[in-house]
Structures are given as C-alpha cells and as structure tokens.
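Welcome, and please get your viewer ready. We will take a short walk through one model, one selection at a time.

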Amino acid sequence: MKIRVFTDSRIAVAYAAAIVEHVVEAEHHPTLSLATGETPSALYAQLVEFHRRGLSFTDVTTVNLDEYVGLPKTHAQSYHQYMQEHFFQWIDISKDRIFIPNGYVNNLQNECERYDRILQQHPIDLQILGIGINGHIGFNEPGTAFKPTTHIVGLSEETIRSNARFFNSLNDVPKQAITMGLQPIMQSKQILLMAFGEQKAQAVHLALEGDVQTHVPASILQIHPNVTFILDEAVAKACKLNL
Ligand code: GLP
C-alpha cells in the first residue's frame with residue numbers, strides 16, 4: 001500500500017492523471033474502471049486536457065462502478081449523465097467500449113448478471129476510487145458481508161444525506177443503487193483511491209489503519225498488492241497519518 005500526500009488536491013489530481021495516462025499508453029487495450037462523485041471530477045478535467053494535447057482513448061474500455069436505481073440515463077444526477085458531462089463527450093472513446101450498470105430496468109437481477117459478464121470480459125487494469133464518508137467504495141456499503149459480484153444495495157442514511165448535495169432535496173436521492181462487487185475491484189491490476197478534505201478523515205483513517213472489516217468496505221484494499229491512496233494535506237492531517 002502506497003500513500004501519497006500532496007499539498008492540495010490540484011497537485012494530487014495531476015499525479016493521478018499522470019498514472020492514468022501511463023496505463024492508457026502502456027497497455028494494449030486498457031480497461032479503466034471509473035468512479036463518480038465530486039472527488040474524481042477534476043481528474044476527468046485533467047484527462048480531457050491531456051486528450052487535447054494528444055492522449056488518445058480509442059483503445060480504452062471503461063467500466064463504471066455504480067449507478068442509482070430508478071434514474072433514467074438522461075437524468076441530470078444519473079452517473080451515466082455525470083460521465084458524459086465530465087469525460088466521455090470530450091474524448092475520442094468509442095461508445096461501444098463504455099459500460100455503466102443500468103439502474104433503470106425492470107429486472108435488476110438480470111442487469112447485475114449482465115454487468116458481471118461484461119466485467120469478466122474486461123479485467124480492470126486501473127481502478128479509480130473515491131471513498132464515502134462511511135468508508136464505502138463504489139456503493140459497497142458498510143455493515144453487510146463483503147459482496148463479490150454486482151448487486152443491488154439499499155443506500156445507508158449517511159450516504160443518502162451526503163449525496164443530497166447533488167439533488168434538490170433529501171427526498172429526491174434514490175434509496176437504492178446497483179454497484180460492482182468487490183471482486184473485480186480487488187482483481188484490478190492497480191488501484192488509485194483519491195480522498196480530499198477533512199470530512200473524509202475518519203473513513204481514510206479506518207480504511208488505512210483499522211482492521212479489514214465489513215463496517216469499512218475500503219479497508220479491504222489493505223490486502224490488494226498495488227493500491228495507492230492519493231490524499232491532500234487536509235485529510236492526511238485530520239486523520240493524523242504518521243508520514
Ligand atoms: C458516491 C459514489 C462513490 C464515491 C463516493 C464519494 O456516492 N458512489 O463511488 O467515491 O460516493 O463521493 P464524493 O467524491 O462526491 O465525496
């Protein structure tokens with residue numbers, strides 16, 4: 001486990017973007033697994049900038065970690081829309097190499113199975129992660145057994161409250177999501193987890209320094225052979241990392 005602390009998130013994001021670029025260029029047909037939320041948005045902006053300066057994504061496949069249940073792909077807060085707005089519309093990726101679970105289907109179980117088949121066909125070279133304030137990764141929420149495969153999850157109160165900032169009201173936040181399970185994440189060749197700001201301190205502290213436990217899904221990363229936590233000073237200081 002590597003921990004890299006940067007003065008501010010801007011420099012941290014530049015570091016992460018350089019690693020993404022390296023993977024995109026070094027691998028023949030790289031698969032990137034992508035996260036949504038506030039944390040990775042600056043990373044996508046940086047990668048779009050790299051694209052403008054010549055980095056091509058034509059050979060890249062992307063899979064996404066998760067999606068809300070009940071939001072159509074065109075909903076402003078769906079993760080489909082997020083990815084389009086922040087990343088895909090600006091780069092030269094081919095549409096048929098973009099995979100995101102669909103939370104707007106009648107048969108969610110079938111959708112989980114369909115997504116697992118896609119993940120089996122596209123082992124992940126580089127996994128980008130944020131972390132929830134309760135230690136979730138993707139939407140693998142605390143408290144239940146670690147789940148290896150794609151599944152439907154009831155979002156915790158904490159997650160609903162935290163994600164309400166993106167919606168008009170607390171009531172508008174979906175109560176369920178579809179998320180990649182922990183197996184494809186743990187089988188990724190490389191993982192970058194980015195966490196910025198002191199509000200993530202407790203989650204990061206428990207993920208890094210606590211036991212591996214289902215109450216902190218991100219703690220499972222401790223047993224991955226190639227994971228880097230990319231932090232800003234705010235989060236590192238608040239969780240009193242001994243660096
Ligand atoms: C979201 C996503 C996660 C993300 C996390 C933190 O709900 N499902 O993939 O890492 O919560 O989001 P943010 O970066 O906005 O704090």
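**Starting at the ligand**

Select the ligand together with Glu38: a polar backbone atom of Glu38 sits 2.7 Å from an oxygen atom of the ligand. Keep in mind as you go that this is a predicted model.

Next, add Lys200 and show its side chain. One of its polar side-chain atoms is 2.6 Å from a ligand oxygen. Then bring in His136, where a polar side-chain atom lies 3.1 Å from an oxygen atom of the ligand. How much of the ligand's own accessible area does the protein cover? Of the 390 Å² that the ligand has on its own, 96% is covered by the protein.

**Widening the selection**

Now select the whole shell of 15 residues around the ligand; Glu38, Thr39, Asp66, Asn163 and Lys200 come nearest. Try colouring this shell by residue type: you should find 7 polar, 4 charged and 4 nonpolar residues. If you turn on a pocket display, look for the largest pocket, which is the space that the ligand takes.

**Stepping back**

Finally, show the whole protein as a cartoon. You can trace 10 strands and 8 helices. Along its principal axes, the C-alpha trace spans about 45 × 45 × 35 Å. The radius of gyration is 17 Å, which agrees with the value near 18 Å for a compact globule, because the protein has 243 residues.

Key. Residues numbered from 1 in each chain as written. Predicted model: local features only at pLDDT ≥ 70, side-chain atom pairs only at ≥ 80, totals over all residues. Heavy atoms only, no water. Near = heavy atom within 4 Å. Polar contact = N/O pair within 3.5 Å; in protein donor to acceptor, adjacent residues only side chain to side chain. Areas by Shrake-Rupley, 256 points an atom, 1.4 Å probe, with all protein chains shown as cover. 1 Å grid on protein atoms, 1.4 Å probe; cavity = no way out; pocket = protein on both sides within 12 Å on 5 of 7 lines; lining within 4 Å. Sits in = over half its atoms within 2 Å of the grid points. Nonpolar A, V, L, I, M, F, W, Y, C, P; charged D, E, K, R; others polar. Helix = DSSP H or I, 4+ residues; strand = E, 2+ residues; numbered from the N terminus. Rg over C-alpha atoms; globule rule 2.2 N^0.38 Å.
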